[in-house]
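Grab a pencil and open the viewer. Try each exercise yourself before you read its solution.

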2 protein chains.
Amino acid sequence: MSASRQSLWARVGGWLAAGVVAATLAGCATGGNMGTDPLPSWNDGASKQAIVDFVRDVTKEGSPNYVAPSQRIATFDNDGTLWVEQPIYTQFALMIAQLKAAKPRPEWVNNPTYKALMADDMKTAMAGGEKALLGLLFQANSGMSVDDYDKAIRQWFATARHPTLKRPYTELVYQPQLELLKYLRANGFKTFIVSGGTMEAMRPWAEEVYGIPPEQVVGSSQTIKYDVATGKLMREPSLFFLDDGPGKPVGINLHIGQRPILAFGNSDGDMHMLKYTTDGPGRRLGLIVHHDDAQREFAYDRQSSMGKLDKALDQAPANKWIVVSMKKDWKQVFPSAK
Amino acid sequence: MSASRQSLWARVGGWLAAGVVAATLAGCATGGNMGTDPLPSWNDGASKQAIVDFVRDVTKEGSPNYVAPSQRIATFDNDGTLWVEQPIYTQFALMIAQLKAAKPRPEWVNNPTYKALMADDMKTAMAGGEKALLGLLFQANSGMSVDDYDKAIRQWFATARHPTLKRPYTELVYQPQLELLKYLRANGFKTFIVSGGTMEAMRPWAEEVYGIPPEQVVGSSQTIKYDVATGKLMREPSLFFLDDGPGKPVGINLHIGQRPILAFGNSDGDMHMLKYTTDGPGRRLGLIVHHDDAQREFAYDRQSSMGKLDKALDQAPANKWIVVSMKKDWKQVFPSAK
């Protein structure tokens with residue numbers, strides 16, 4: 001671990017490390033059936049019961065639904081499922097920050113999208129269309145080495161704050177999901193992120209915040225070339241793979257190589273991952289976070305600029321996907337301030 | 001685990017499982033410094049000493065070269081590094097078998113490459129050039145679902161035998177490398193395959209033979225599409241990513257997200273992976289298998305139709321890569337017959 005990574009994550013590392021060790025020991029001692037509630041931030045109810053029943057059933061030797069540990073694959077969307085995605089995806093906030101920090105190119109100066117971004121006028125910036133916005137962001141977030149971009153990402157996360165919630169982005173993760181990730185791992189699951197965002201924006205902090213190592217972070221990726229002369233991996237200004245919607249089962253196959261038995265999402269972009277997961281043979285579990293908590297987070301129900309939940313919510317009953325209400329099912333949304 | 005996978009690997013599973021458990025327990029009890037030789041199939045000498053010295057140094061707390069477990073990444077090429085690659089890559093043997101089993105298409109009937117392959121005349125088949133050969137093989141190995149192709153691969157491995165060594169391909173893995181993989185894992189390393197071959201041809205058996213789970217198998221990949229109507233992942237007749245040569249550092253970044261501290265290869269296709277690995281800061285180890293053992297395996301030194309070792313061997317001294325002689329450094333090449 002580099003010194004910069006140490007200082008960046010020192011403040012979030014302590015409570016996580018302690019919690020992981022305790023959960024693992026408890027899981028070893030009792031064969032996964034922990035004496036204390038492993039999901040204290042989940043209110044008792046149908047959602048929590050469905051999770052606990054599922055985990056007990058697939059881990060119980062002799063159960064007709066028993067699944068060997070090597071096949072206990074659980075996949076989680078990131079934006080809106082493991083952490084906040086409003087008012088804009090953190091990935092966009094990061095890419096916009098890189099654009100603002102970049103030396104302005106002559107062709108940008110009169111570009112209305114660029115001017116709007118520099119003036120913090122997101123509404124006008126997005127009015128020009130996703131293509132114009134992404135085109136600019138890809139340009140500003142390429143041309144450097146993978147190592148240099150990694151440093152810039154770590155620096156940004158060390159100081160950036162959410163515009164309304166005023167906390168570091170990595171503290172705006174959902175406490176019930178941190179507990180669920182640990183609970184699954186204590187029961188022999190491997191936990192993966194499968195995000196529409198790019199892997200390099202999550203890998204620097206996912207292990208310390210979620211307990212998910214870099215190789216278990218699946219996401220979209222930019223085109224990368226190895227420069228034989230300098231020995232550097234360089235970022236090209238184009239998308240290599242879009243891990244969203246029907247791309248999520250493809251990304252799962254590419255990076256994980258097994259069909260998950262549990263998938264958790266929160267938007268139509270997760271619908272195909274949920275379907276691919278619950279289509280498999282044997283017992284499966286699909287879950288959807290429903291953002292209905294205006295007081296503690298954001299209530300955007302089916303529609304928002306980020307993460308529409310239109311079709312997935314309609315398809316949930318027929319597919320027996322569990323719709324998790326943030327308002328009713330979660331006792332606490334974010335980890336307590338330190 | 002499916003029933004077919006059980007029966008396919010039952011014969012190789014036993015000795016591996018026993019060995020893995022023993023190595024892990026020994027590693028736990030002694031903090032990684034095992035009392036008995038963890039590398040019994042390696043002859044004493046400079047190569048073995050370099051490996052043991054490296055592992056001790058990077059795992060010793062307080063050492064200036066100490067590396068945290070989460071960053072102990074070791075990558076191994078597959079063909080010619082972990083298992084036999086002569087007379088042709090097993091991947092090609094598998095793809096040719098699928099071509100032979102496929103219903104002949106009208107456009108193939110008068111194709112000289114197709115005719116040569118059907119007549120087991122590899123020399124003529126390869127004379128038409130790599131492009132003609134690969135084009136045919138990609139066609140015959142696409143158009144079906146990922147699940148159906150997976151079944152076909154498992155069936156092929158269950159019965160296929162190496163043409164001259166007459167053993168199942170999965171028994172033609174190198175015993176010293178099986179020991180090295182276990183030794184590294186017992187010392188907190190994560191072990192990855194980084195192969196020019198496709199992931200789907202290795203993932204069905206890599207965990208039981210090498211102890212490497214599917215998500216830690218990195219390789220080339222064919223284009224896959226998720227068919228929304230049927231919910232199936234379908235194989236398209238084109239290459240998505242070539243994980244070879246300068247593609248290996250890119251594949252490592254894509255699938256692992258960290259620079260390895262140890263890399264093991266055997267050909268020019270591994271040279272960039274070795275360079276990318278040993279270019280990193282701190283202590284690093286690069287190793288190359290030199291195939292110089294005509295009696296127990298194959299001696300092809302620098303040149304063969306598969307796996308040229310021309311530039312990598314020249315660059316080894318300047319980069320301090322260890323050249324491992326199969327003849328001198330390995331007491332035993334393959335696992336004993338069962």
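Below are four exercises on this predicted model, each with a worked solution.

**Exercise 1. Work out how much chain B and chain A bury between them, and which residues of chain B supply the biggest share.**

Step 1: Start with the contacts. On chain B, 39 residues are in contact with 39 residues of chain A.

Step 2: Turn to area. The two chains bury about 3200 Å² between them, and 54% of that is on carbon and sulfur atoms.

Step 3: Look for the big contributors. B:Glu215, B:Tyr226 and B:Leu254 supply 20% of the area that chain B buries against chain A, more than any other three residues.

**Exercise 2. Describe the polar side of the interface, then say which element of chain B gives the most residues to it.**

Step 1: Count the salt bridges. There are four between chain B and chain A.

Step 2: Pick one to look at. The side chains of B:Glu215 and A:Lys190 form a salt bridge, at 2.8 Å from N to O.

Step 3: Add the polar contacts. Eight residue pairs make one across the interface, counting pairs with both residues at pLDDT 80 or more.

Step 4: Find the elements. Those giving two or more residues to chain B's side include α7 (146-159), β2 (190-198) and α10 (247-255) of chain B. Of the elements there, α10(B) gives the most, with five residues.

Step 5: Sort the residues on chain B's side by type. You get 19 nonpolar, ten polar and ten charged.

**Exercise 3. Find the buried residues of helix α6 of chain B and say what covers them.**

Step 1: Go to residues 130-140 of chain B, where B:Leu133, B:Leu136, B:Leu137, B:Phe138 and B:Ala140 are buried.

Step 2: Recall a bit of helix geometry. An α-helix has 3.6 residues a turn, so residues three or four places apart point the same way.

Step 3: Check the surroundings. The cover over the buried residues of α6(B) includes α3 (90-101), α4 (112-118), α5 (122-127), β3 and β4 of chain B.

**Exercise 4. Hunt down some unusual backbone spots: two cis peptide bonds and two positive phi angles.**

Step 1: In chain A, a cis peptide bond joins A:Gln86 and A:Pro87, with omega about 0°. A:Pro87 sits in the loop between β1 (73-76) and α3 (90-101) of chain A.

Step 2: In chain B, the bond from B:Gln86 to B:Pro87 is cis, with omega near 5°. B:Pro87 is in the loop between β1 (73-76) and α3 of chain B.

Step 3: A:Asp301 isn't a glycine, yet its phi is positive, about 45°. Its relative accessibility is 37%, so A:Asp301 counts as partly exposed.

Step 4: B:Lys166 has a positive phi too, near 60°. At 60% relative accessibility, B:Lys166 counts as exposed.

Note on methods. Residues are numbered from 1 along each chain as its sequence is written. Chains are lettered from A and ligands numbered from 1 in the order in which they are written. This is a predicted model: local features need pLDDT of at least 70, side-chain atom pairs count only at pLDDT 80 or more; totals for chains, interfaces and linings use all residues. Side-chain values use heavy atoms; hydrogens and water are left out. Contact means heavy atoms within 4.5 Å. Buried area is the accessible area (1.4 Å probe) that two parts lose on being put together, summed over both. A polar contact is a pair of N or O atoms within 3.5 Å; within protein, one must be able to donate a hydrogen and the other to accept it, and residues adjacent in sequence count only if both atoms are side-chain atoms. Helices (H or I, at least four residues) and strands (E, at least two) are DSSP runs, numbered from the N terminus. Ala, Val, Leu, Ile, Met, Phe, Trp, Tyr, Cys and Pro count as nonpolar, Asp, Glu, Lys and Arg as charged, and the others, Gly among them, as polar. Buried means under 20% relative accessible area, exposed over 50%, partly exposed in between (1.4 Å probe, protein chains only).
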